[in-house]
Amino acid sequence: MTLSATQADGADTARGRYDGYFRPGYAHRDIYTAQDVFDQEMLHLFGTTWVYVGHESEVPALNDFVTRTIGRRPVILSRGKNNGLHVLINRCTHRGAVVCRQAQGNAARFVCGYHAWTFGTDGKCLGVPLSHAYGPDFDMEAQNLHRAARVESYRGFVFASLNGEVMPLVDHLAHARRYLDEWIDRGDCLPVVVRAGSMRFETHANWKVIYDNAGDGYHPPFSHISMLRVFARRYGDVDMQYYSGNFDEAPLISRDLGNGHTLLDQRPSMHAQSAWERQHVMPGREKMWEALSEKYGEGPAREMLDASTGSGLNLNIFPNLLIIGNQIQLLEPLAVNRTVVHWFSTTLDGAPDEVNALRMRMQEDFPSFGEVDDTAQFEACQTGMECVPEMPWIDIRRHMNTDAGHRGEDGIWTEPISSDQHMRCYLDAWRRIMNAGAARACDDA
Ligand code: FES
Ligand SMILES: [Fe+2]
């Protein structure tokens, strides 16, 4: 049985509907396990805020498309005439079938597989077989696919919202914009290309468990111990070995970027002196170093190769975009305890082939090697939370009361890397958005 918000913390009705799921330093398991909370998230959170749907480089040409979701709603991101981007609700206006059932492609029109109603890449209804049977007043325009109310691109990152009143995307991104800029500009400002297709895996965990983990700077030396040992044994003092001892004393930080966005910044340790020098061995590494240093000289070659290593950033953009190293992760909630995680690799348009080959090989690195560690923890957390109702509270207290935080000159609140401020911050945004949605639903009732 699901605890109601009022049972969870004795909340009174004057407070927000979701306040009862929190108490200082703790969050209630129901936000990860309760079907009704998940259903309301799909409405009040994914249905109202900005949601990342894809990168412009995934749909570079006219009529290119990829299919994605906004919460659980299937959508199509397509490239139309005049370079326009469309985010269409992938639900037939006839009997409700999903119209486009491919992950990606190029098509001048989408034909629904059920009764062949046909739509353009801009969603316009182009054809209805035997339409005379709908009578003389049948209005083709009224049959167009529905669209996201707002679509905006920030330097290639395309977000959509079903809420016409949502704040401008740049305001939503808040301080995350600065770090997105730094990530985009890292490779000598060459344009980032998101490679078509993703490494896709389904995990039996709530989508927020994955969001938690991407901003969790406490787990790496423990969850990933076998990987770090292998790296240390084979390659010595290379990246991520700084997660040893009291790693809160290393120059590694967690930052609150506003609106549920957060950052783990490992660059001061990961990129000390040279990111390339600290990168662990990759197949073909020496050959690539030789080729580039011969061609460009050692200094420029090192700088170019710095862009082939992990970025040192874990940038969480609430609610569904995670930028980790050189990869982009997209969260696709399927059910309260099922999520698909998509990992996209990236290259740089115009960079030497060696740099891009190494960036692609990174997919064999952390995503393949480290992600299995994380996935085991996702599912272990989900099982523990689901199966032990007597212990409903999740601990998010780290560095809450240590006075280790400070506000930087840039106005951003910063704490040591192992802090749980990431969870406190994004769950605060979650609570605010969910309370507002519940209040609106009450007013409408
Ligand atoms: S459901 Fe799409 S054409 Fe009938
Ligand atoms: Fe991890």
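Two strands count as paired if DSSP finds at least two bridges between them, and helices (H or I, at least four residues) and strands (E, at least two) are DSSP runs numbered from the N terminus. The structure is a predicted model, in which local features need pLDDT of at least 70 and side-chain atom pairs count only at pLDDT 80 or more, while totals for chains, interfaces and linings use all residues. Residues are numbered from 1 along each chain as its sequence is written, and chains are lettered from A and ligands numbered from 1 in the order in which they are written.

**Exercise 1. Confidence**

Task: State the average pLDDT of the protein, and find a stretch where pLDDT stays under 50.

Solution. Begin with the scale: pLDDT is the predictor's confidence in each residue, from 0 to 100. The protein averages a pLDDT of 92, and 96% of the residues score at least 70. Turn then to residues 4-14, where pLDDT stays under 50 and for which the model has 17 contacts beyond four places in sequence; two residues are in contact if their C-beta atoms, placed from the backbone, lie within 7 Å.

**Exercise 2. The sheet of four strands**

Task: Give the order of the strands in the open sheet of four strands, and describe how its strands are joined.

Solution. The order is 6-5-4-7, and the pairing is antiparallel. At the edges are strand 6 (85-89) and strand 7 (104-106), each of which pairs on one side only. From one strand to the next the twist averages 30°, where angles run from 0 to 180 degrees between N-to-C directions and axes are lines fitted to C-alpha atoms, for helices over the stretch in contact.

Next, follow the pairs. Strand 4 (residues 64-70) and strand 5 (residues 73-79) run antiparallel and are joined by six bridges, and Ile 70 stands opposite Arg 73 in strand 5. Strand 5 is also joined to strand 6, again in the antiparallel sense, by five bridges, with Val 87 in strand 6 as the bridge partner of Leu 77.

Finally, look at the loop between strand 5 and strand 6, where Asn 82 has its place. This hairpin has five residues between the strands, and the phi of Asn 82 is near 55°, a positive value in a residue other than glycine.

**Exercise 3. The sheet of nine strands**

Task: Identify the edge strands of the open sheet of nine strands, and say which strands helix 5 touches.

Solution. The nine strands follow the order 14-20-19-18-17-16-15-24-23, with antiparallel pairing. Strand 14 (199-203) and strand 23 (406-407) each have a single partner strand, so one side of each is left without a neighbour in the sheet. Helix 5 (residues 176-184) packs on this sheet and touches strand 15 (253-258), strand 16 (261-265), strand 17 (313-317) and strand 18 (321-324), its direction making about 135° with that of strand 17.

For the pairing at one edge, note that strand 14 and strand 20 (residues 338-344) pair in the antiparallel sense over five bridges, and that Thr 203 stands opposite Thr 339 in strand 20. In the loop between strand 17 and strand 18 lies Pro 319, and the peptide bond from Phe 318 to Pro 319 is cis, with omega near 5°.

**Exercise 4. Packed helices**

Task: Describe how helix 3 meets helix 15 and how helix 11 meets helix 12, giving the angle and the residues in each case.

Solution. Two packed helices are described by the angle between their axes and the distance between the axes. The axes of helix 3 (residues 35-45) and helix 15 (residues 421-444) come within 9 Å and cross at roughly 85°. That makes helix 3 roughly perpendicular to helix 15, given that angles under 35 degrees count as roughly parallel, over 145 as roughly antiparallel, 65 to 115 as roughly perpendicular and the rest as oblique. Gln 40, Leu 43, His 44 and Leu 45 in helix 3 meet Trp 430, Ile 433, Met 434, Gly 437 and Ala 438 in helix 15.

For the second pair, the axes of helix 11 (residues 285-296) and helix 12 (residues 298-306) come within 7 Å and cross at roughly 130°, and these helices are therefore oblique to each other. The contact joins Trp 289, Leu 292, Ser 293 and Tyr 296 of helix 11 to Glu 298, Pro 300, Ala 301, Met 304 and Leu 305 of helix 12.
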